[in-house]
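Let's take a walk through this one, starting with how its parts meet and then zooming in on a sheet.

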Amino acid sequence: MKLPDIEYIRPSTLDEAVRLLAAPDAKVLAGGQSLLPLMAYRLAAPRILVDIGRLSELRGMRSDAHGLVLGALVRWRDIENDPCIAAAHPLLREAVSHVAHYQIRNRGTVGGSLAHADPAAELPAVALACGAGIVAIGPTGRRMIEAADFLEAPLTTALKSDEIIVELRLPPWPPTRRFVFEEFVRRRGDFALAGVCLFYDLDGEGRMVSPCVVAFGATEIQQRISMLEEYLAGRRLDEVVCAEAGEMASAAIDAVEDMHAPQDYRRALFGTLVERALIRSMTSGGGHVH
Amino acid sequence: MRLSNTLVGAPVQRVEDRRFLRGEGTYVADVTREGFCHVVVVRSSVAHGTLRAIGTEAARALPGVLAVVTAADIIAARGEVPKIPLRQQVLDEGLPYLQPVIAEGVVRYVGEPVAVVVAEDAAVAEDAAALIEMDIAPLPAVAGIERAAAGDVLLFPQSPGNRPMVFTAEKGDAADAFARADYTRRECFSVQRHGAIPMETRGLFAEWDDAAGHLTLHGAAKVPFFNRSLLAKMLGLGRDAVDLIEVDVGGGFGARGEFYPEDFLIPFCARLLGRPVRWVEDRREHFTAMNHAREMSAEVEIACTRDGMVIGLRGTVDVDIGAYVRTNGFTGPRNVAQFMSGPYRIPNIALDAAVYVTNKTPAGTYRGPGRFEASFFGERLFDMAAHDLGIDPAEFRRRNLVPEAQMPYKLAKMRHIDPSADTECDGGAYEIVLDRCLDAFGWFERVKRQGALIDGRYHGYGLGMFIEGGAAGPREGCRISLEQDGRVTVAVGSSALGQGLETVLSQIASDALEVPLERIRLLHGSTTLVQEGFGSFHSRSTVMGGNAVAQAAEALKIEIRKVAAARFGCSDSDVVVGEGMARRGDDVLTFADLGALGVSVETSFSNSKHTYSYGAHAVHVAVDPKTGHVAILDYLTVEDVGRIINPATLHGQVLGSVVQGLGSVFLEEIQYDGDGQIMTGSFADYLMPTAEDFPAIRSISLELRPCPNNPLGAKGAGEGGLIAVGGAVGNAIAAALRSMKVEPCHLPFSPPRLWRLIQDSRQAAA
Amino acid sequence: MFIEMMVNGRRVSGDVPPRTTLADFLRGSLHLTGTHLGCEHGVCGACTVIMDDVAVRGCLTLAVQADGCDVTTVEGLAGDADLSPLQAAFRKNHALQCGFCTPGILTTMHALLSSEPDADEARIREVLTGNICRCTGYIPIIKAVLEARDAYRPTQKVTVDAAE
């Protein structure tokens, strides 16, 4: 499966990259881990590839009181290997360990994952859950896009064809926050048949505050389950609540159907994951792969 | 004097490994020649339709494109489009359903070759292929057996129907047995379509020497000699004008090496262009081009006495063979009928295997063809019967195993087939192997926890037993030549597909000739090596190739004695051959000296009796009822292979085949939609086992009963690890979920399917 | 496009169409055919090479993206030796059969052990899920990699005994 013919340009500045994207049929190349397989199947055939892979201004990672900023070219391996990131944002760290495989994680980027917007992908789920912002640069300058507005449809984002993602901004993560990242996959690295990213804080009486639940894999795109969040807010978790939440979660989603799993299975699976995630969050939190 | 057999039986490290580890293997995609060009096969994207026209203008116009070949060009050159004949179960019933090497007027599956593009480089060839216009008027797609059986749409209008053949296995009087049985049970089962999917896709490198009128084709595997004869005939050449060369091969598992359309098309292009051409199948293509396997559904019935003696087995298996009957398309169907009795003594059998054509990629053999399916059907039915009759499944099996005293034991006879296709279990201590397995597994202790619910998962233990037929004849050729540098060249007609053939046969040669392993140069497969070869299939290469080597070694020693005796001026019997020389008193001729004299022999080993390895599998599963996920916590196989030439390579084969079996049971499925469009066209959708999926596998190989039918005493082994997996795992899951009365009968046991079975049974209970 | 890179310690260059993958550049232009193509869509791992010290899929990297980089293929693993300790451990443990997936697994595991010489079985299995093997069932591969760790640990100079 040889790739279709392309013109390749490697701009030396971000502004130059933006200018090059003005051409029709031009596409950004970063890690290439999502784009190249599509091209190999000739499902995508951009005429011009604009390789931004060496623009060092997009590589930075910064963690401070304002939160975590990840440059678009930050690779999964950069997140995995940086103990400061793991400490500053354990949910992100956990989610990244579920992404694809070792070799892919060595090349795949934050910006690439967001721009590709696979509906079962982990990073968009985390971005949505945390209320992250995506900074993009275009011919008219920079803008910030809220994650909820960014993800529009499967493989479709609010990014314009002449815009490049510059960075992902995650709000500060309270160290006491409880979180679970749980997904069900056929094999490690596969896209999840269903997954849940959830977190909450606890008040002085052990009641959940500001719970956030994002479904991915089972739904058309990553989405918050506000019905469930409303149910959980103010409650103390126990096995009964977890079970009820699981049932509610099943009912709350419109599950997708494909050759790998029918809709009712995904719906039930999501409910099971939510229940198990909540139970797990009572003692430790963290992540789990089935 | 060196002790013989220091290497045979030892876990000798493989001689082929060095080049593989250093990245110095030569697979067909690595073969190059000055000025070679690249071939891409253009394939139908429609499952069933009339091929009205092929537009090649745009493709031809692309710079770098050298030729575009269609059926018209083949007819112009050869007078007709050749059809690929049967190689196994060669029956006239198959004739209307044979595949033409290129689509002729009609396409019958997505992936059928329609045209061939030759270009200066592979990427341009692919660009050009995308420019080929196919004008296909769609016909209704026969998407499955039900539609095929309905018969309203015939794939082959000239044929009697969509069912080329029914294989019938018979023994005793099944009708009578079922009429008088204390207990009968009938069930439906099925196995999904999947395939061998080796890591190396196929490829061919063809060179036509116009001056010599000779074709050389690299990329052969499995049965190069058969293919050479066939190709020569198709090209209108003498047999000696064609040579098939076997290089390193990235796995075959029964699917690689059969004669496919490309095996004609690529040489045809080489001849047409007068330049070497190379074709490398890509993975997307592979899913529609290389033989599929295993899609069978069965309705089978068992009859028993009330104390658990199986007195009858009958039923029908429907096989979806895809759009054409290829070279060995009939092998799986024939086997599923004949081998469903497994290692058990079942006196009355009536099993039909009906073969249907549908608009899918044609199917052929995949490791344990028909045997995996038969074992799944039979072993599941056994456990159901055992449970109904209140008999422990291990005990049930013990009662019904073929006793050693009744060996050789004839399996069911195949109606309408050459009686020489009758086969019998050669010998074996089936009960001992069962006991070893139960013991090593701790069966009787563990089954006390059948169905236990622990940490949200139901635990179950299951058994399955198998026989594995091997060593198909009729012959295998071997030539041994002594070289001037003291090395010994051993050339065999067997094919190497990754199974360690070079090492195993070198061990045999080394011991037989008392020459160090490093001095053996083992060549295999290519038609240039021996007069007559038969290849590697049906687990035959150790038995047939091994015995051919051993026999040739004896013949060589006789020849050495003769030559040396003439030189020494004595009688043959005065010459001692050993340790790399021929000696009589102080007169010595080394192998190097003899090599300079051109000493060599070529012999052929004949065998008409199949070997039967046999074994037992035991497995421990944990089922998560909420997700449908099954964890394999322990998998044990115990088998008797008669004689182990290399325990390390054998063990490797068993482990690998168990994992393939588990892939078949849980993960792998080729899926089509209702229009005959293939949906699993990549490794993202076709799920192969990975390193984390099945870590807990152990295997024990025994040499309890050497095979009485060949001098080495060896039996074919290498498929058994896979054969019993379906039944063993299905039985374990059924046992785990006994409280819910869930009987898994349809593969694959994917999480959604198991979850559905559990839901359905809960609803039924409510 | 003209590109230059280090491959197995030697400077190489070539003029390639931009759509050429690194794997095809290595195999076609440099005749280093040890790197294999098993799927060309980034799943099977047979094409894995080491680029600037990390294991990457050669089929998902354009040759032009490797311009100026330092690449190691399977052919570069042994150095002056016949077999590296990792390769010798594979042989000793019968961790290969047809050999087609082997180069990609060797480079992956070499990259892993070079940065994580104490990787435990779970970690090795986890990383190995990015490579598909059809023949071995993985168990002997895991054994070989576990055994080879000693050769990557900086304080110990134990070489794996490759003798029969």
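How many residues of domain 1 of chain B are in contact with domain 3 of chain B, and how many on the other side? Keep in mind that this is a predicted model. The count comes to 16 residues from domain 1 of chain B and 19 residues from domain 3 of chain B. On the domain 1 side, the elements giving two or more residues to this contact are helix 15 (501-513) and helix 16 (541-568) of chain B. Helix 16 of chain B puts in the largest share, with six residues. As for chemistry, the residues on that side of domain 1 of chain B split into nine polar, six nonpolar and one charged.

Where do these domains sit along the chain? The assignment for chain B has domain 1 built from 17-25 + 472-606, domain 2 from 31-139 + 201-249 + 256-289, and domain 3 from 292-471 + 609-765. Between the C-alpha centres of domain 1 and domain 3 of chain B there are 38 Å.

Now step back to the whole chain. Chain B holds 21 helices and 32 strands, and its C-alpha trace spans about 85 × 75 × 50 Å along the principal axes. What radius of gyration would a compact globule of 766 residues have? The expected value is near 27 Å, and chain B has 27 Å, so the two agree. Buried residues account for 63% of the 766 in chain B. Contacts tell you about the wiring, too: of those in chain B with a separation of 6 or more, 81% link residues 24 or more positions apart.

Next, zoom in on one sheet. Five strands of chain B form an open sheet in the order 21-22-30-31-32, with mixed pairing. Strand 21 (453-454) and strand 32 (697-702) of chain B are the edge strands; each has a single partner strand, so one side of each is left without a neighbour in the sheet. As a reminder, strands of a sheet pair through backbone hydrogen bonds, either parallel or antiparallel.

In which sense do strand 31 and strand 32 of chain B pair? Strand 31 (residues 629-640) and strand 32 of chain B run in the parallel sense, over six bridges. If you'd like a spot to look for, find Val638(B), whose bridge partner in strand 32 of chain B is Ile700(B). Lying across strand 31 and strand 32 of chain B is helix 18 (residues 647-666), which runs at about 135° to strand 32 of chain B.

Definitions and conventions: Residues are numbered from 1 along each chain as its sequence is written. Chains are lettered from A and ligands numbered from 1 in the order in which they are written. This is a predicted model: local features need pLDDT of at least 70, side-chain atom pairs count only at pLDDT 80 or more; totals for chains, interfaces and linings use all residues. Two strands pair if DSSP finds at least two bridges between them. Helices (H or I, at least four residues) and strands (E, at least two) are DSSP runs, numbered from the N terminus. Two residues are in contact if their C-beta atoms, placed from the backbone, lie within 7 Å. Axes are lines fitted to C-alpha atoms, for helices over the stretch in contact, and angles run from 0 to 180 degrees between N-to-C directions. Domain bounds come from an automatic or database domain assignment. Ala, Val, Leu, Ile, Met, Phe, Trp, Tyr, Cys and Pro count as nonpolar, Asp, Glu, Lys and Arg as charged, and the others, Gly among them, as polar. The radius of gyration is taken over C-alpha atoms; the globule rule is 2.2 Å times the number of residues to the power 0.38. A residue is buried if 20 or more other C-beta atoms lie within 10 Å of its own, exposed if 12 or fewer, and partly exposed in between; C-beta atoms are placed from the backbone.
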